[in-house]
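Okay, thanks for making time for this, everyone. I'll put the model up and then walk you through the bits I liked.

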Amino acid sequence: MYILSVIVVIVSVFLLASAGEAGVFGIFHFFDIVSMLIVIIIFISMMVASGLLKDFNNAFRLTIGKKNAKSILELKRAKEAVKFAGKLFIMSGFLGTLMGIIMVGYSCSTIKSIMINMSVALLTMFYGLVLYILLLPIQLRIEIKISEFMQI
């Protein structure tokens, strides 16, 4: 069901992007490899530095897969990893946006180039928020599993 909801979100974004004057090709305005890399590199490096990358992967196995938790500690670590990942996605999006805005200030001279580069700068924030939204159901499922585990 989670994968179905992710597909619905992607299709919704595609339909909204294609509703503009660019038509179907408007979806390409939402893709920027550098912006994606900023969010992903900051996320992975901070997850490795915190030691929660394994717990983050485990959170997906516990919620999407059929793996059952062995202990309450495993569930709590997965919950903390997902919460930390959500914060990282938002903060890396803001950091990428600030970096982009600073670069716009140094490199753009015309209003048109400023507007184009500002839209690209905002993409990192967009990516961070979308990834955070996709983590919310996983966080809720883990909290439900913790409360179910405590009742057993």
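Let's begin with a counting question: how many salt bridges does the count come to? The answer is one salt bridge. Keep in mind that what you're looking at is a predicted model.

So who makes that salt bridge? Asp55 pairs with Arg77, and their closest N and O atoms are 2.6 Å apart. Asp55 sits in helix α3 and Arg77 in helix α4, so the pair ties together parts that are 22 residues apart in sequence. What about burial for the two partners? Asp55 is buried, at a relative accessible area of 11%. Arg77, on the other hand, is partly exposed, with a value of 37%.

Okay, let me zoom out for a moment. The protein chain has five helices and zero strands, and if you read from the N terminus, the order is α-α-α-α-α. The C-alpha trace spans about 65 × 35 × 20 Å along its principal axes. There are 152 residues, and 30% of them count as buried. The chain exposes about 9,900 Å², with carbon and sulfur atoms supplying 74% of that. And here's one on contacts: take those between residues at least 6 apart in sequence, and 76% of them join residues at least 24 apart.

Back to α3, then, the helix that holds Asp55. This helix runs over residues 53-63, and its buried residues are Asp55, Phe56, Asn58, Ala59, Leu62 and Thr63. Where do they sit around the helix? They cover an arc of only 160° around the axis, which puts them on the same side of α3. If you look at the spacing in that list, remember the usual helix geometry: an α-helix has 3.6 residues a turn, so residues three or four places apart point the same way. And what do the buried residues of α3 pack against? The partners are α2 (33-50), α4 (72-107) and α5 (111-151).

Next stop, Thr124, which lies in helix α5. Is this residue buried or exposed? Thr124 is buried, with a relative accessible area of 1%. The Thr124 side chain also reaches the backbone nitrogen of Thr97, at 2.8 Å. Setting aside the neighbours within four places in sequence, the contacts of Thr124 are Ser35, Ile38, Val39, Gly93, Gly96 and Thr97.

Ser35 is on that contact list, so let's turn the view around and look from there. Ser35 lies in helix α2 and counts as buried, at 4% relative accessibility. Which residues does Ser35 touch, not counting those up to four places away in sequence? Those are Val120, Leu123, Thr124 and Tyr127.

Now a loop residue: Phe31, between α1 and α2. Phe31 counts as partly exposed, at 49% relative accessibility. With residues up to four places away left out, Phe31 touches Met36, Leu123 and Tyr127. If you've been keeping track, Leu123 and Tyr127 were on the Ser35 list as well. While we're here, Phe31 and Gly128 are 97 residues apart in sequence, and their C-alpha atoms are 13 Å apart in space.

Moving along to helix α4, that's where you'll find Ile101. Ile101 is partly exposed, with 36% relative accessibility. What does Ile101 touch, again not counting residues up to four places away in sequence? The contacts are Met118 and Ala121. For Ile101 and Ala121, the separation is 20 residues in sequence and 6.1 Å in space, C-alpha to C-alpha.

Last thing, and this one is on the outside. There's a nonpolar surface patch of about 520 Å², and the residues that make it are Ile3, Ile7, Val11, Phe14, Leu15 and Ile64. Let me pick out one of them. Ile7 lies in helix α1, which covers residues 2-18, and this residue is partly exposed, with a relative accessible area of 45%.

So, if you want two places to click on afterwards, I'd go with the Asp55 and Arg77 salt bridge, and then the Thr124 side chain where it reaches the backbone nitrogen of Thr97. That's me done, happy to rotate things if anyone wants another look.

Definitions and conventions. Residues are numbered from 1 along each chain as its sequence is written. This is a predicted model: local features need pLDDT of at least 70, side-chain atom pairs count only at pLDDT 80 or more; totals for chains, interfaces and linings use all residues. Side-chain values use heavy atoms; hydrogens and water are left out. Buried means under 20% relative accessible area, exposed over 50%, partly exposed in between (1.4 Å probe, protein chains only). Helices (H or I, at least four residues) and strands (E, at least two) are DSSP runs, numbered from the N terminus. The arc is that of the directions from the helix axis to the C-beta atoms. Contact means heavy atoms within 4.5 Å. A polar contact is a pair of N or O atoms within 3.5 Å; within protein, one must be able to donate a hydrogen and the other to accept it, and residues adjacent in sequence count only if both atoms are side-chain atoms. Patches are made of residues with over 30% relative accessible area and no salt bridge: like charges are joined within 9 Å, nonpolar side chains (Val, Leu, Ile, Met, Phe, Trp, Tyr) within 5 Å. Accessible areas come from the Shrake-Rupley method with a 1.4 Å probe; for residues, only the protein chains shown count as cover. A salt bridge is a side-chain nitrogen of Lys or Arg within 4 Å of a carboxyl oxygen of Asp or Glu.
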